[in-house]
Amino acid sequence: MSEESVDATASRTGPVGRLAPSPTGLLHIGHARSFLLAWWSVRARDGRIVLRLEDLDAGRVKPGMADGCLRDLEWLGLDWDGPVIVQSNRAAEHEAALARLVEEGRAYPCVCTRKEIEEARSAPHAGDVGSRYPGTCRGRFSSLEEAEAKTGRSPALRFQLPNDLGPVPFEDAFTGRHSADVASDVGDFPVARKTGEAAYQLAVVVDDALDGVTEVLRGDDLLPSTAQQLLLQEALDLPSPTWIHVPLVVDEGSRRLAKRSDALSLAALREQGIDPRALTTWIARSAGMAPEGPAEPADLVPSFALAAIPPSPAVFGPTQRAALAAT
Ligand SMILES: [Zn+2]
């Protein structure tokens, strides 16, 4: 990094946002839209952007994908401040948070297999547990060591919800007030895998705090995670960011784009010689902005307004695709 860019970073006084791609599959147009909106939202108020590779799910991380993510973001014209943060390098910080939860009786070992949880849910005496974890291992073991010694299995860790937990309210700067009933919808949720590695919710909460993130703008598929992350932030005395959940990109049949729609991956578009400015322009229009012609993300910073984003999903079908190719 040049001295000049260090200075630019230091002088940014607005919110701190993050781009957090997961190198488990190709990034597609839906990711590009969420990333651009997150970037515009922060840059429009002279804020900093942290880039974090969420590579904890080691079994699903594919070789070369991390580099691919960075190439995709650069191709789009997005930049970030400071070095790339790699989530798997944060094992010590994640472990410290997990140890604290265990020590304070906020997390407990769970040796249940997925199949056992399914069976417990469908047992006649189980009642209406829905899809939540029924609490089988709550109070069952006094330590991870005991759980392992008694069962011969490597335990995961689950966050123990407070007994009197009612609906968890939170405010979303785009969609307004929400309330999630974590106790009846999810139950005690995982904070560490049986490999010892931090589970998604725990890692995100610890990392956002370490990175000083004050604003999380992401796709509304992650709205259900918010209450769990809030509970962890409370338990670990960490600040909560401003939450902003935006609608996803869907295809012409209203189906959300999945990682398997590789034809709409940024890598495929790049290889086809698509002008990234055409994609930026489509994304800007889908977010209520009115760029006159092909534009770089930086050109459009002054036009961004959260309130102008339509509340319904953005449709990207064959028509939009043809328009992109013709630009
Ligand atoms: Zn269990």
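What span should the 12 residues of helix α3 have at 1.5 Å a residue, and how far apart are its end C-alpha atoms? In this predicted model, helix α3 covers residues 65-76, and its expected span of 16 Å agrees with the 16 Å that separates its end C-alpha atoms. The expected value is reached because the rise of 1.5 Å is multiplied by one less than the number of residues in the helix. Within α3, the residues M65, G68, C69, L70, D72, L73, W75 and L76 are buried, and the buried residues of this helix pack against two helices that are named α10 (266-271) and α11 (276-286), as well as against α2 (29-43) and β2 (48-53). Helix α3 is followed by G77, a residue whose phi is positive, near 95 degrees.

A zinc ion is coordinated by the SG atoms of C110, C112 and C137 together with the OH atom of Y133, at 2.1 to 2.3 Å. The angles among these 4 donor atoms run from 99 to 120 degrees, and the site is tetrahedral, since four donors count as tetrahedral if all angles lie between 85 and 135 degrees. Along the chain, the donors follow the spacing C-x1-C-x20-Y-x3-C, and of these residues Y133 and C137 are both buried.

Helix α12, which comprises residues 318-326, contains L324, and this leucine is buried because its relative accessible area is 4%, where the cut-off for buried is under 20%. When residues up to four places away in sequence are not counted, L324 touches L269, I274, A278, L279 and F316. By contrast, the C-alpha atoms of L324 and G187, which lie 137 residues apart along the chain, are separated by 44 Å.

How values were computed: Residues are numbered from 1 along each chain as its sequence is written. This is a predicted model: local features need pLDDT of at least 70, side-chain atom pairs count only at pLDDT 80 or more; totals for chains, interfaces and linings use all residues. Side-chain values use heavy atoms; hydrogens and water are left out. Donors are N, O and S atoms within 2.8 Å of the metal (3.2 Å for Na, K and Ca); water is not among the atoms, so sites may look incomplete. Four donors count as tetrahedral if all angles lie between 85 and 135 degrees; four count as square planar and six as octahedral if opposite donors are over 155 degrees apart and all others between 65 and 115; anything else is irregular. Buried means under 20% relative accessible area, exposed over 50%, partly exposed in between (1.4 Å probe, protein chains only). Helices (H or I, at least four residues) and strands (E, at least two) are DSSP runs, numbered from the N terminus. Contact means heavy atoms within 4.5 Å.
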